[in-house]
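Trainee: I would be grateful for a close look at one part of this model, namely its aromatic side chains and the nonpolar surroundings in which they are placed. Please set out the geometry in full.

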Amino acid sequence: MNDERWMQQALDLAELGLGTVNPNPLVGAIVVKDGHVVGRGAHREFGGPHAEAFALDEAGDRARGATLYVTLEPCCHHGKTPPCTDRILAAGIRCVVYAIDDPNPQVCGKGAGILRAAGLEVRSGVLKDAAETQNEIFLTFTRRGTPFVELKLAMSLDGRIASKTGDAKWITGEASREQGHRLRRKHSAIVVGVETVLRDDPRLNVRHVDGKDPVPIVLDSSGRIPLSSKLLQAPSSAIVATCAMPEAIQQEIEAMGARVWRLPAEDDRVSIPALLKRMADASLDSLLVEGGGEVAAAFLEAGAVDKVSFFYAPILVGGRDAVPAIGGTGVDRIADALRLERVTTRRLGEDLYLTGYPRT
């Protein structure tokens with residue numbers, strides 16, 4: 001029971017790196033001696049010191065004979081920082097408890113093996129499920145080699161994301177919008193279709209909460225994005241993904257500081273698998289899909305969605321011409337519908353927030 005108590009504190013600390021450590025993992029660590037926490041640490045930014053280093057520095061001499069709780073198996077290789085296993089051994093730690101193995105082939109099992117060989121007690125698997133959910137981006141990107149994709153939609157109870165006139169502000173309440181910005185903060189990139197840019201002219205940045213802005217990506221097959229759009233205003237980190245944009249428009253966009261990715265087409269649209277591969281090549285480990293309904297359908301039809309986060313407002317929009325949350329062609333039979341598992345729900349103000357994972 002104490003192991004779970006201490007590990008939960010380490011998991012809480014790991015959240016301090018949310019959105020700033022990508023494509024590295026979220027990691028928290030605490031040093032416990034005689035029933036008291038004597039050192040705390042979190043991996044706070046990409047390339048910065050690891051959680052174990054911060055915790056051991058704070059503990060100082062009190063680390064000798066203590067137990068280290070860490071959410072991820074300690075590393076044992078030289079990367080941007082020295083091996084954590086060396087620091088742990090030098091500090092005189094007696095026991096290491098960690099939640100999940102590091103899937104990096106340079107580490108997986110080797111870090112724990114080095115510590116055991118040196119005579120330390122090593123235990124793993126404490127709050128494993130919680131740690132895997134917290135690091136689902138890192139684990140997916142490391143194991144699969146492509147970004148973790150989360151589909152976020154805010155809709156009415158009857159599944160509409162806009163009225164028949166295109167009006168969409170605001171469907172959900174302030175608490176839901178704040179949570180939506182937490183999702184933006186968590187991901188390396190965010191994607192919308194050009195129709196959303198034409199209709200809403202969004203910035204796709206992080207507001208309401210503190211955090212780093214994701215890289216905005218616009219799916220624009222033929223080059224319809226207005227040069228006056230907020231996403232292209234300097235300084236711009238935007239990426240416009242296209243398959244048939246005229247060269248002259250590409251040159252104008254790039255002259256403004258944005259990037260254009262020319263990718264293969266599927267059914268006259270940008271290929272979703274090609275987009276994800278290009279993102280991986282650019283070390284973008286995660287993508288938040290924000291809309292609209294046709295973009296949502298494209299990712300779902302490509303089998304590219306790892307998680308859904310849906311916000312339901314207690315309103316009914318109605319209208320056969322109102323905009324559905326998910327467009328595309330849909331399925332012919334209910335039996336063929338995509339089913340979710342590990343579904344959770346909670347209230348956000350008057351809204352309902354649902355998360356789940358497509359069943360594979």
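Mentor: The account below begins with the aromatic rings and then turns to the cores, a helix and the cysteines.

The model is a predicted one, and a search of the whole of it yields 2 aromatic pairs. One of them joins F310 and Y312 in an edge-to-face arrangement, with 6.4 Å from centre to centre and 80 degrees between the planes. Both F310 and Y312 are buried. The other pair is formed by F311 and Y353, whose ring centres are 4.5 Å apart; because their planes meet at 20 degrees, this pair is stacked. F311 belongs to strand 15 (residues 307–313) and Y353 to strand 18 (residues 351–358), so the stacked pair ties together parts that are 42 residues apart in sequence. F311 is buried at a relative accessible area of 0%, and Y353 is buried as well, at 7%.

Two further rings lie beneath a charged group. The charged end of R342 sits over the ring of Y357, 3.9 Å from its centre. Likewise, the charged end of R177 sits over the ring of W170, at 4.6 Å from the ring centre.

F310 also has a place in the nonpolar interior: together with L263, V270 and L275, F310 is among the members of a second, separate core of 34 residues. The largest nonpolar core comprises 39 residues, of which V31, I88, I93 and V96 touch the most other members. Strand 4 (residues 95–100) makes the greatest contribution to that core, giving 6 residues. Beyond its neighbours within four places in sequence, I93 is in contact with V31, L56, A63, A66, L68, I88 and L120.

L56, one of these contacts of I93, is in helix 2 (residues 51–59), where A51, E52, A53, A55 and A59 are buried along with L56. The buried residues of this helix pack against strand 1 (28–33), strand 2 (36–42), strand 3 (67–72) and helix 3 (84–91). Just after helix 2, G60 adopts a positive phi of about 60 degrees.

Finally, the cysteines: the search of the whole structure finds 0 disulfides. The cysteine sulfur closest to that of C75 is in C84, and at 3.7 Å the two are too far apart for a bond, because a disulfide requires sulfur atoms within 2.5 Å. For C76 the closest cysteine sulfur is that of C75, at 7.0 Å, which is also too far for a bond. C75 counts as buried at 8% relative accessibility, and C76 is buried at 19%.

Notes: Residues numbered from 1 in each chain as written. Predicted model: local features only at pLDDT ≥ 70, side-chain atom pairs only at ≥ 80, totals over all residues. Heavy atoms only, no water. Core = buried A, V, L, I, M, F, W, Y, C linked by side-chain atoms within 4.5 Å. Buried < 20%, exposed > 50% of the residue type's maximum accessible area, 1.4 Å probe, protein only. Helix = DSSP H or I, 4+ residues; strand = E, 2+ residues; numbered from the N terminus. Contact = heavy atoms within 4.5 Å. Phe/Tyr/Trp six-rings, centres within 6.5 Å; stacked < 30°, edge-to-face > 60°. Lys NZ or Arg CZ within 6 Å of the ring centre and 35° of its normal.
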